Amino acid sequence: MINKLCIIGVGLIGGSLSRALRKQGYCKHVTGCSRDASHLQRAVELGVIDDYDTDITKAVQGADMIVVAVPLGAMQAVFTAMRPALAEHVVITDVGSSKASVVEAAKAGLVERYQDFVPGHPIAGTEKSGVEASFSELFLQRKVILTPIAETRPEAVEAVRTMWQTAGAEVVALEVSHHDDVLAATSHLPHVLAFTLVESMAQMGDRDEIFQYAAGGFRDFTRIASSDPVMWADICLANHDALLAAVTGFQADLDKLHSAIERGDRQALMDLFTRAKQARDRYAEGQTEQ
Ligand code: NAP
């Protein structure tokens, strides 16, 4: 049970976590914090938080759990601002999509309180942003990856694990750089491909005509290109090494496809599409079993 939960960044992820925990009766009080009071007022009206303060030092006062759910580029400033006002027993965690950059930001911003920080990342989301898009079922049966490092207090890890389990998630632990490599391939690369495909098509000839004839495949493949540009620019910069490696690997595979089409190599195309279909079908079966 959390006495006072402070959510910094009451958007899709922060708002959904608060909703899920409140539904389970797991928090006595939830205080929100972000830059814009009108967003926080809306969160109060929606029943997502009890109250709010745009001043971080006031919002975190007396909190026993703080969840930082702001874009990656804002993390360090948030950690730095909260440090003088942290309660003695507090546990701090985040939800950022890349972990090495957050670990660095937390070390720099929290200094001696760094041991109270547990890096985390829920593998759940949508292409929508803001508190209006939040919902309490977002984390049900979804994975949350924690990437504690040597200094992290074990009790802090347990508190964060229990919080996410209460929200309905399955909690797993990964090493920081392994997390960033895996997520670069499974999430960050697909997002940058979707953005780039839509951008390429938007620049082709008569844009209105191209989109007019776009079919279901385009819709399925590009849904995530409606995601927030601020968040994705931050992710690309924060996880640049792992993402560049994934993009380079993909470019090499695209070159192979290009040359198979160029030389009319039906067998090469069949082999590639068959392997990909089998891998996708296995993944989809695993999803329906969950
Ligand atoms: P979001 O819906 O846009 O929410 C972000 C929140 O942060 C907003 O409430 C915003 O409110 C606040 N904020 C922005 N800059 C701030 C600052 N400098 N100081 C304080 N508050 C600030 O974004 P989200 O999708 O929830 O993403 C939040 C985090 O979750 C990101 O780090 C992202 O990498 C991670 N994540 C996202 C997904 C996903 O699919 N969306 C999945 C997993 C993890 P104000 O405008 O009022 O400041």
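**Exercise 1. Is Ser 227 buried or exposed?**

Before you start, keep in mind that this is a predicted model.

*Solution.*
- Step 1: Find the residue. Ser 227 sits in the loop that links helix 9 (216-222) and helix 10 (229-238).
- Step 2: Take its relative accessibility, which is 6%. The cut-off for buried is under 20%.
- Step 3: Ser 227 therefore counts as buried.
- Step 4: Look at the side chain too. One of the polar side-chain atoms of Ser 227 is 2.7 Å from the backbone oxygen of Ile 224.

**Exercise 2. Work out the strand order of the open sheet, and explain why strand 3 and strand 6 each have one side without a neighbour.**

*Solution.*
- Step 1: Write down the order. The open sheet has 6 strands, arranged 3-2-1-4-5-6, and the pairing is parallel.
- Step 2: Read off the ends. The edges are strand 3 (51-52) and strand 6 (117-118).
- Step 3: Each of these two has a single partner strand, so one side of each lacks a neighbour in the sheet.
- Step 4: Check one edge. Strand 3 pairs with strand 2 (residues 27-33) in the parallel sense, over 2 bridges. Within this pair, Thr 31 has Asp 51 of strand 3 as its bridge partner.

**Exercise 3. Trace the β-α-β unit that contains helix 6, and give its handedness.**

*Solution.*
- Step 1: List the parts in chain order: strand 8 (residues 143-146), helix 6 (residues 154-166) and strand 9 (residues 170-173).
- Step 2: Look at how the strands pair. Strand 8 and strand 9 run in the parallel sense and share 4 bridges. Ile 145 stands opposite Val 172 of strand 9.
- Step 3: Assign the hand. Together with helix 6, the two strands form a right-handed unit.

**Exercise 4. Describe the ligand's surroundings, from the residues that come nearest to the area that the protein buries.**

*Solution.*
- Step 1: Start with the neighbours. There are 26 residues around the ligand, and those that come nearest are Ser 34, Arg 35, Val 70, Ser 97 and Gly 130.
- Step 2: Sort the shell by class. This gives 13 nonpolar, 11 polar and 2 charged residues.
- Step 3: Pick out backbone contacts to ligand oxygen atoms. A backbone N or O atom of Val 70 is 2.7 Å from one, a polar backbone atom of Asp 36 is 3.1 Å from one, and a backbone N or O atom of Val 10 is 3.2 Å from one.
- Step 4: Turn to area. The ligand taken alone exposes 880 Å², and the protein buries 87% of that.
- Step 5: Finish with the elements. Helix 1 (12-23) and strand 7 (120-122) are those that give two or more residues to the shell.

Notes:
Residues numbered from 1 in each chain as written. Predicted model: local features only at pLDDT ≥ 70, side-chain atom pairs only at ≥ 80, totals over all residues. Heavy atoms only, no water. Near = heavy atom within 4 Å. Polar contact = N/O pair within 3.5 Å; in protein donor to acceptor, adjacent residues only side chain to side chain. Areas by Shrake-Rupley, 256 points an atom, 1.4 Å probe, with all protein chains shown as cover. Nonpolar A, V, L, I, M, F, W, Y, C, P; charged D, E, K, R; others polar. Pairing = 2+ DSSP bridges. Right-handed = clockwise from strand over helix to strand, strands pointing away. Buried < 20%, exposed > 50% of the residue type's maximum accessible area, 1.4 Å probe, protein only.
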